[in-house]
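Visitor: I would like to go through the binding sites of this model with you. Could we take them one at a time?

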Amino acid sequence: MTNNLLNFTIKTARKAGELILKSRKKGLQINEKGKNDLVTNMDKAAEKLIIKEIKSAFPSHSILAEESDFLNETTPEDYAKSKFIWLIDPIDGTTNFAHGLNEYAISIGLFKTAKSEHSKNFQYLSGELIMGVVFAPALNELFYAKKGKGAYLNDKKIKISNISKLKNSLLATGFPYNNRKRNLPYFSTMIDQSQAIRRLGAASLDLCYVAMGRFDGYWEFDLKPWDIAAGTLIVKEAGGKITDTNGNMLDLFGKDILATNGKIHQEMIKAFKKL
Ligand code: IPD
Ligand code: CA
Ligand code: CA
């Protein structure tokens, strides 16, 4: 992958960030698309901008974006035939954004499908993430990673924390919109066993904060591929470990995730298994 592709993605994320910041001042239209699940006119406008840029630069690539889901002209089978799939969350942390908090980000991940396994079923598509960009415009923090090339925050290389014991760790988690109570037993166990827990409200940033060592671990259930695609690669490239909450290989469509600095991973899995 060339630097051009990364530069293009960073430029696109910055453009979307500018649009969001500018329009934020003019006021927002906020709607509820599901129970507790907000969407604003800015989620839609930012997504439109990102899709337009990608379509004109890479017309043969597929796109899976939160507010459009599968784009009208393509079926899941079409995605499986495509060599590249962009996974886009135009505003991750919409609830924060709608309430005037700064912890929200544009998340753009690029997935390369494995040639030999062009499956008909998108859920089981195989391949790998090759690039991730997470931009928090209100914080002016730009995280990015390319497969095999490390992870960066505002052009400085980042790496995971050195905390090696769960009892000394700062953890993060989130609560799914439609099944908030599912996480309560996990939350209750971790609050006893860690130093503290934070609930930031943007999965992409939770992952980036693990990557740069602000958090030592993060877990959540019921996520979507666009929430975690970019952040997952950023964690891996910063030296962190990613699995599902049982310790199995992460499936982008598998919904639950555990991301840590690697050192507290087993301790967390062991504690989760007791639940
Ligand atoms: C949400 C955020 C939040 C997480 C939710 C996600 P959205 O994304 O990442 O932290 O707890 O599960 O859906 O809806 O703001 O893009
Ligand atoms: Ca999201
Ligand atoms: Ca979103």
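Guide: What follows concerns ligand 1 and the two calcium ions in what is a predicted model.

Visitor: Where does ligand 1 sit?

Guide: Ligand 1 occupies the largest pocket. The shell around ligand 1 consists of 14 residues, and the closest are Asp 92, Gly 93, Thr 94, Tyr 177 and Glu 220.

Visitor: How many of the shell residues are nonpolar, polar and charged?

Guide: The shell around ligand 1 comprises 5 nonpolar, 3 polar and 6 charged residues.

Visitor: And which strand gives the most to the shell around ligand 1?

Guide: That is strand S5, residues 84-92, with 3 residues in the shell.

Visitor: What lies 2.5 Å from an oxygen atom of ligand 1?

Guide: An N or O atom in the side chain of Glu 220 lies at that distance. In addition, a polar side-chain atom of Glu 66 is 3.2 Å from an oxygen atom of the ligand. Ala 202 takes part through its backbone, with an N or O atom 3.0 Å from an oxygen atom of ligand 1.

Visitor: How much of the accessible area of ligand 1 does the protein cover?

Guide: On its own, ligand 1 has 380 Å² of accessible area, and the protein covers 95% of it.

Visitor: Let us turn to the metals. Which residues coordinate the calcium ion, ligand 2?

Guide: Ligand 2 is coordinated by Asp 89 (OD), Asp 92 (OD) and Asp 227 (OD), at 2.1 to 2.3 Å. Along the chain, these donors follow the spacing D-x2-D-x134-D.

Visitor: And what coordinates the calcium ion, ligand 3?

Guide: The donors to ligand 3 are Glu 66 (OE), Asp 89 (OD) and Ile 91 (O), at 2.1 to 2.3 Å. Their spacing in sequence is E-x22-D-x1-I.

Visitor: Which parts of the chain does that link?

Guide: Distant parts: Glu 66 is in the loop between strand S3 (62-65) and strand S4 (69-70), whereas Ile 91 is in strand S5, 25 residues apart.

Visitor: How far apart are the two calcium ions, and which residue coordinates both?

Guide: The calcium ions, ligand 2 and ligand 3, are 3.7 Å apart, and Asp 89 coordinates both.

Technical notes
Residues are numbered from 1 along each chain as its sequence is written. Chains are lettered from A and ligands numbered from 1 in the order in which they are written. This is a predicted model: local features need pLDDT of at least 70, side-chain atom pairs count only at pLDDT 80 or more; totals for chains, interfaces and linings use all residues. Side-chain values use heavy atoms; hydrogens and water are left out. A residue is near a molecule or strand if one of its heavy atoms lies within 4 Å of it. A polar contact is a pair of N or O atoms within 3.5 Å; within protein, one must be able to donate a hydrogen and the other to accept it, and residues adjacent in sequence count only if both atoms are side-chain atoms. Accessible areas come from the Shrake-Rupley method with a 1.4 Å probe; for residues, only the protein chains shown count as cover. On a 1 Å grid over the protein atoms alone, a cavity is a set of points where a 1.4 Å probe fits but cannot get out, and a pocket is an open set with protein on both sides within 12 Å along at least five of seven lines; lining residues have an atom within 4 Å of a point. A molecule sits in a cavity or pocket if more than half of its atoms lie within 2 Å of its grid points. Helices (H or I, at least four residues) and strands (E, at least two) are DSSP runs, numbered from the N terminus. Ala, Val, Leu, Ile, Met, Phe, Trp, Tyr, Cys and Pro count as nonpolar, Asp, Glu, Lys and Arg as charged, and the others, Gly among them, as polar. Donors are N, O and S atoms within 2.8 Å of the metal (3.2 Å for Na, K and Ca); water is not among the atoms, so sites may look incomplete.
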